[in-house]
Amino acid sequence: RSEFISTRLRTNRAGLPSVLRKPRQVSTRSITSQAFAMTSEGADFSVVGYATLLHSTRQLRLFQRGQLVLQGVLCTEIGAANHTPRLTQPRRPGELFLQWQCAGLSIRHEQHDDVETYHIRWSNTTDPDFRLQDEFQMAGAHWYGCGTVHEQLWPIEKWQKDMTPFVPPFGSMLERYWLSSRGVAVVVGNEVPLFVGMNSKGDGKLSFLAQYRDSPYNRPKGRRPLLEYTIVSAPSPLVVHKFVMKKFFSLPRGRPDERMFRSPVWSTWARYKVHVNQGNVLDFAREISTHGFSNSQIEIDDDYTTKYGDFKFNQDKFPDPKGMVDQLKSAGFRVTVWVHPFSNLDSESFVEGREEAYFLGSYDDEDGRVKAVDWWNGAGAVVDVTNQKA
């Protein structure tokens, strides 16, 4: 690493203070087990681990074993007039703090055996709606992760997505995790009001934006958006992926229900669609048993409730739901019902959720009312499943 540091500093030598023109030689053995950051007041660049940051353009370049594996531009919205940052004293080794007029940046480097992590955090200091946007070049590598989209291309650097909130309908089965074939990954924090752009306008860039305004994200009172993520670098994508899975994701610990794997889930939707009622549910179960089929459960699907969002059996269609369930269980069926996160405008749950703030934004800025979203069974609000009270 001492050779890397000396090379980078000599490359940017012009106009630097003497302390940076003649970097202290440090043995590779001693430095590789420690976090590392190096800069100086008035210098136009910093070294953090195996990464360099050019202050004037905020260009970040990340190296792995002497090879450039990732490059990008941080906080693209900082104008030329605000390009010179103020250096802030770090709290511990391996940290870098820089303060521009409109935003503050911290980078924390950590070493984990052969894995390097760079925790990047942007916060704005003046305008609460200032755009915190970072972008990275996807060229020179294949990229994986993110989620599933309607027109799935593989690897995902072939996608073309304009800057969009990172929630459905961006895609499904979304994870804030991008993995490069060059042994680099980006993992974005769950608290970030995240927008993502991929190859927007054919520019070959992976872009991240933190923004509450004009977004589906609830904005806690007084909170300004943060753009916070971790870059992970290692000798191979396999090493990176194993590290990310252990560090950032919790794997299942229990044993899956074996019956659900071995036997079918019998859904009333397949036979009756929305015309489901107590009589045909019981008829359906008898037919399944008569033909000798096993079951993992029978699911009472769409339109068994009074209103979408009110999970109460419609008494006109299900006059004795408890008796029906008892009868199904005695016949060897487990019983489930279809649930969804929507509360339609005509439901009792919508009134309660609006009063108690149980729904995901969007809220109208003028009168504070919940904005309805359209789904296949009408219009309503979406329950915030991260709110335990909801």
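**Exercise 1.** Which residue in β14 is the bridge partner of Tyr 177? Place the pair in its sheet.

*Solution.* The model is predicted.
- Step 1. Val 187 in β14 is the bridge partner of Tyr 177.
- Step 2. Look at the strands around this pair. β13 covers residues 177–180 and β14 covers residues 184–188. They run antiparallel and are joined by 4 bridges.
- Step 3. Widen the view. β13 and β14 belong to an open sheet of 8 strands, ordered β6-β7-β8-β9-β17-β14-β13-β11, with antiparallel pairing.
- Step 4. Find the ends. β6 (86–88) and β11 (143–145) are the edge strands, and each pairs on one side only.
- Step 5. Add the twist. From one strand to the next, it averages 20 degrees.

**Exercise 2.** Which strands does helix α4 touch as it packs on the sheet?

*Solution.*
- Step 1. Locate the helix. α4 spans residues 237–248.
- Step 2. List its contacts. α4 touches β8 (103–112), β9 (115–124), β13, β14 and β17 (226–233).
- Step 3. Set the direction. α4 makes about 160 degrees with β13.

**Exercise 3.** In what order do the strands of the parallel sheet stand, and why is one side of β18 and of β22 left without a neighbour?

*Solution.*
- Step 1. Read the order. This open sheet has 3 strands, β18-β19-β22, and the pairing is parallel.
- Step 2. Go to the edges. β18 (265–267) and β22 (335–337) each have a single partner strand, so one side of each lacks a neighbour in the sheet.
- Step 3. Add the turn between neighbours. On average it is 25 degrees, direction ignored.
- Step 4. Check one pairing. β18 and β19 (residues 297–300) run parallel and are joined by 3 bridges. Trp 266 stands opposite Ile 298 in β19.
- Step 5. Place the helix. α7 (residues 278–290) lies across β18 and β19. Its direction is at about 155 degrees to β19.

**Exercise 4.** How many residues lie between β3 and β4, and how many between β4 and β5?

*Solution.*
- Step 1. Take β3 (residues 51–54) and β4 (residues 59–64). They pair antiparallel over 4 bridges. Leu 53 stands opposite Leu 60 in β4.
- Step 2. Examine their turn. This hairpin has 4 residues between its strands. Arg 58 in the turn has a positive phi of about 60 degrees.
- Step 3. Move on to β4 and β5 (residues 67–73). They pair antiparallel over 6 bridges. Arg 61 stands opposite Gln 71 in β5.
- Step 4. Examine the turn here. The hairpin of β4 and β5 has 2 residues between its strands. Arg 65 in the turn has a positive phi of about 55 degrees.

Definitions and conventions. Residues are numbered from 1 along each chain as its sequence is written. This is a predicted model: local features need pLDDT of at least 70, side-chain atom pairs count only at pLDDT 80 or more; totals for chains, interfaces and linings use all residues. Side-chain values use heavy atoms; hydrogens and water are left out. Two strands pair if DSSP finds at least two bridges between them. Axes are lines fitted to C-alpha atoms, for helices over the stretch in contact, and angles run from 0 to 180 degrees between N-to-C directions. Contact means heavy atoms within 4.5 Å.
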